[in-house]
Amino acid sequence: MVVPGALVDLNNWKITLPMDSNGDGKIDEVGPPNIMRLYEPRFFYGNEQGELVFAAPNKAMTTANSTNTRSELRQMIDPVKSKTKAPGNNFVLASHPRAHEYGAIGGRLSATLAVNHVAIEAAHPNKKPAFSVVVGQIHAGKDPSMLDAGFGYGNEPLKIYYKKWPGHEYGSVFWTYERNLEKDNPNRTDIAYPVWGNTWESAENPGDKGIKLDESFSYTVDVIDNVMQLTFEAANKPRVEYTIDLANNVDAYGEVDPLDNPAGYSGDWFYFKAGAYNQCSSKNQQGMWYAGCAGSGVWEQDRAQGHYAQASFTAIELD
């Protein structure tokens with residue numbers, strides 16, 4: 001095992017890990033320059049194949065606004081001069097009324113990876129997120145000062161998923177767009193678009209139209225002015241592309257979505273994320289997100305019993 005910073009340029013990333021190493025009651029986060037020297041042999045390390053490994057158990061410490069564990073990078077455009085939520089550390093769309101105050105207009109994230117494992121047990125297997133992991137995101141900032149203008153809800157215009165049902169040889173890759181609405185709006189939901197295999201609505205075996213565990217694939221996310229362009233590639237699979245304007249309520253198929261925010265995400269600020277964000281929530285309660293996944297909270301035991309998610313990246317690049 002090697003230090004991840006020896007394999008990938010991490011100077012513009014902060015990582016969140018599913019642990020509290022110093023006992024302060026807060027989840028561990030490490031940013032530049034310390035992240036370049038960070039090595040965590042359970043959840044964040046480089047392997048002998050030159051891959052950057054992210055692992056997230058079903059049951060462990062989570063961030064305040066989530067019940068899902070993660071070993072995940074968060075983009076830091078200007079880590080030396082700016083705090084995480086400062087304008088200089090985030091990007092916006094060209095339509096943002098104060099775009100010149102932010103670190104960038106648009107941006108690019110590309111990655112090549114394989115998902116090695118997803119959770120194999122859930123109390124509610126038919127809930128959409130069960131048995132899945134998110135390996136790339138665009139996250140909008142949660143900003144109370146923007147709520148009166150209809151933004152700042154902390155929603156996600158992009159999450160890239162891998163999901164594999166227990167017993168299936170192949171899993172599916174798909175992505176979701178979340179309508180940019182307030183939390184208690186019943187129309188706030190994630191709309192899934194297929195890449196290879198199925199989306200999360202289907203328990204059908206995708207067969208060889210899907211992707212196996214340990215099978216490499218790549219994604220590129222380009223945000224140019226107001227438009228998000230997505231490209232997915234894998235050996236022996238069709239190249240898949242999507243384009244969606246994030247500053248209106250026209251979906252990725254070119255149809256107006258009357259239930260979405262008419263201004264889309266035009267007033268929000270954003271950051272990229274990449275790694276393993278385990279979607280198999282350990283919480284067992286009402287609501288689509290709470291799959292009630294198995295696990296003890298003891299890493300060695302949970303790893304042996306398959307109660308975790310893991311992805312290995314050979315490349316992660318920001319522009």
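Okay, let's start with one residue: Glu40 has a relative accessibility of 9%, so we call it buried. Its salt-bridge partner is Arg42, and the two side chains meet at 3.0 Å, N to O. Arg42 is partly exposed, with a relative accessible area of 30%. Before I go on, please keep in mind that this is a predicted model.

So, what is going on in a pair like that? Side chains of opposite charge can pair when their charged atoms come close. And how many salt bridges does the count come to? The count is 13.

Let me show you a few others. Arg188 and Glu178 make a salt bridge with their side chains, 2.8 Å from N to O. Glu178 sits in strand β11, while Arg188 lies in the loop between β11 (170-178) and β12 (190-196), so this pair ties together parts that are 10 residues apart in sequence. Is Glu178 buried or exposed? At 6% relative accessibility, Glu178 counts as buried. Arg188, on the other hand, is partly exposed at 24%. Then there's Arg239 with Glu241, where the side chains meet at 2.6 Å, N to O. And here's a little group: Arg70, Glu72 and Lys273 are linked in a network of salt bridges.

Okay, let's zoom out. The chain has 1 helix and 18 strands. Its radius of gyration is 18 Å, close to the 20 Å that the globule rule gives for 319 residues, so the chain is as compact as a globular protein of that length. If you lay the C-alpha trace along its principal axes, it spans about 50 × 45 × 40 Å. Buried residues account for 55% of the 319. The chain exposes about 13500 Å², and carbon and sulfur atoms supply 47% of that. One more number on the fold: take the contacts between residues at least 6 apart in sequence, and 63% of them join residues at least 24 apart.

Let's look at two buried residues up close. Phe91 is in strand β6, residues 91-92. Phe91 has a relative accessible area of 1%, so it counts as buried. What does Phe91 touch? Leaving out residues up to four places away in sequence, its contacts include Gln75, Ile77, Ile138, Trp269 and Phe272. Now compare positions: Ser132 is 41 residues from Phe91 along the chain, and their C-alpha atoms are separated by 28 Å.

The other one is Val135, in strand β9, residues 132-140. Val135 comes out at 0% relative accessible area, so that one is buried too. How far apart in space are Val135 and Tyr277, C-alpha to C-alpha? They're 142 residues apart in sequence, and the distance is 6.5 Å. Among the residues that Val135 touches are Leu113, Val115, Phe217, Ala274 and Phe313, again not counting residues up to four places away in sequence.

Next, the cysteines. A disulfide is a covalent bond between the sulfur atoms of two cysteines. A search of the whole structure finds 1 disulfide. Which cysteines form it? Cys280 and Cys293, with their sulfur atoms 1.8 Å apart. Cys280 and Cys293 are 13 residues apart, and each is in the loop between β17 (269-278) and α1 (299-305). The link is left-handed, with -75 degrees about the S-S bond. Both Cys280 and Cys293 are buried.

Now for some backbone details. Most residues other than glycine have a negative phi, and most peptide bonds are trans. Keep that in mind for these. Pro32 and Pro33 are joined by a cis peptide bond, with omega at about 0 degrees. Pro33 lies in the loop between β2 (28-30) and β3 (44-46). Then we have Asp225, with a positive phi near 55 degrees. Asp225 is in the loop between β14 (217-224) and β15 (227-233), and at 48% relative accessibility it counts as partly exposed. Asn236 also has a positive phi, near 60 degrees. You'll find Asn236 in the loop between β15 and β16 (240-245), and it is exposed, at 81%.

Last stop, the surface. Met1, Val3 and Tyr39 form a nonpolar patch there, with about 270 Å² of accessible area together. Met1 lies in the segment before β1 (13-17), and with a relative accessible area of 55% it is exposed.

Definitions and conventions: Residues numbered from 1 in each chain as written. Predicted model: local features only at pLDDT ≥ 70, side-chain atom pairs only at ≥ 80, totals over all residues. Heavy atoms only, no water. Patch = residues over 30% accessible without salt bridge, like charges linked within 9 Å, V, L, I, M, F, W, Y side chains within 5 Å. Areas by Shrake-Rupley, 256 points an atom, 1.4 Å probe, with all protein chains shown as cover. Salt bridge = Lys/Arg side-chain N within 4 Å of Asp/Glu carboxyl O. Helix = DSSP H or I, 4+ residues; strand = E, 2+ residues; numbered from the N terminus. Buried < 20%, exposed > 50% of the residue type's maximum accessible area, 1.4 Å probe, protein only. Contact = heavy atoms within 4.5 Å. Rg over C-alpha atoms; globule rule 2.2 N^0.38 Å. Disulfide = S-S within 2.5 Å.
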